[in-house]
Amino acid sequence: MNKIFNVVALTLLFLTSFSGQAKAQEVEKLFNGTDLSNWNFVLDKNNVPAEKVFYVKDGLIHIAGEPLGYMYTKQKYGHYHLHAEWRWPQGIESNSGIFLLIERPETPFPNGIECQLKAGSAGDFVLLNGSDLAEYKNPESGRPKFPVIAKAKVSTEKVAGEWNCADVYCHDGVISVYINGVFQNKGTNKIKEGYIGLQSEGKDVEFRNVTLTPLP
């Protein structure tokens, strides 16, 4: 009896361990903690080397903020949970963004949806370069250059210098955004798959723990 019990216990332990390993293997580190070899770069006017604007130091992604531009994944993604952490390292609030469902990488803005990270506005959607969301309604005065769908709640950001978390869920073109665990926005895009980008705009910003988990 004890022998049977031990076999069952070992089998359950193996299955639990295997399940945990399988789940861990599903998480893709978009930032490997060492370099940016799996990213491409776009800079306005291309008059500064990309490595001067986007680089790794002390295991963190550093983005200078000037000139305007972005780094983006070499692969397109569709159904996923994106997790990214950011902070303003100098204690000075500034501007950046996470670009989602990029259809065409262009200069200085791609065709895609920005999850705004600008201080005080994290969680807003900005429709870049002709992109659209079903939830956006054109005002009678006409479509602005950068249409915005405002976040659902007041800012849930932490003070400058502290780390913030953005969790973005994309599924069949539907984008849901949580800032520091609080739901802030949802939008529906006709584009189902695209590149993911991190923006240079304003001043220094740091990123860490940029991971992607596929969704069924």
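Start by selecting arginine 208: with a relative accessible area of 28%, this residue is partly exposed. Keep in mind as you go that the model is predicted. Now add glutamate 85, the salt-bridge partner of arginine 208, with the closest N and O atoms 2.6 Å apart. Arginine 208 sits in strand E15 (residues 205-214) and glutamate 85 in strand E6 (residues 80-87), so this pair ties together parts that are 123 residues apart in sequence. Glutamate 85 is the buried partner, at a relative accessible area of 10%.

The structure holds six salt bridges, so let's visit a couple more. Select glutamate 106 and arginine 104, which form one with the closest N and O atoms 3.3 Å apart. Then bring in Glu103: salt bridges with shared partners join Glu103, Arg104 and Glu106 into one network. Next, pick aspartate 44 and lysine 45, whose closest N and O atoms are 3.3 Å apart in another salt bridge. Lysine 45 is exposed at 65% relative accessible area, while aspartate 44 counts as partly exposed at 22%.

Time for a charged residue without a bridge. Click on lysine 151, in the loop between strand E10 (148-149) and strand E11 (164-171). Which side chain of opposite charge is nearest to lysine 151? That is aspartate 124, 4.1 Å away, and lysine 151 is buried yet has no salt bridge. Show the backbone of glycine 120 too, as the lysine 151 side chain reaches its oxygen at 3.1 Å. Other contacts of lysine 151 include Ser121, Ala122, Gln184 and Asn185.

Asn185 leads you to the next stop: asparagine 185 in E13 is the bridge partner of valine 177. Strands E12 (residues 174-179) and E13 (residues 182-188) pair in the antiparallel sense over six bridges. In their hairpin, with two residues between the strands, look for asparagine 180 and its positive phi near 50°.

Now colour the open sheet of seven strands, ordered E2-E5-E14-E7-E8-E9-E10 with antiparallel pairing. Its edges are strand E2 (39-43) and E10, each pairing on one side only. E2 pairs with strand E5 (residues 69-73) over five bridges; to see one, select valine 42 and tyrosine 70.

Finish inside. The largest nonpolar core has 41 residues, and Ile61, Leu82, Trp86, Ile98, Ile175 and Phe207 touch the most other members. A second, separate core of nine residues includes Tyr70, Tyr72, Phe99 and Phe109. For a last selection, try isoleucine 61 with its contacts, among them Phe31, Leu36, Met71 and Phe207.

Definitions and conventions:
Residues are numbered from 1 along each chain as its sequence is written. This is a predicted model: local features need pLDDT of at least 70, side-chain atom pairs count only at pLDDT 80 or more; totals for chains, interfaces and linings use all residues. Side-chain values use heavy atoms; hydrogens and water are left out. Helices (H or I, at least four residues) and strands (E, at least two) are DSSP runs, numbered from the N terminus. Buried means under 20% relative accessible area, exposed over 50%, partly exposed in between (1.4 Å probe, protein chains only). Lys and Arg count as positive and Asp and Glu as negative; His and the chain ends are not counted. A salt bridge is a side-chain nitrogen of Lys or Arg within 4 Å of a carboxyl oxygen of Asp or Glu. A polar contact is a pair of N or O atoms within 3.5 Å; within protein, one must be able to donate a hydrogen and the other to accept it, and residues adjacent in sequence count only if both atoms are side-chain atoms. Contact means heavy atoms within 4.5 Å. Two strands pair if DSSP finds at least two bridges between them. A nonpolar core is a set of buried Ala, Val, Leu, Ile, Met, Phe, Trp, Tyr and Cys residues joined through side-chain atoms within 4.5 Å. Lists of a residue's contacts leave out its neighbours within four places in sequence.
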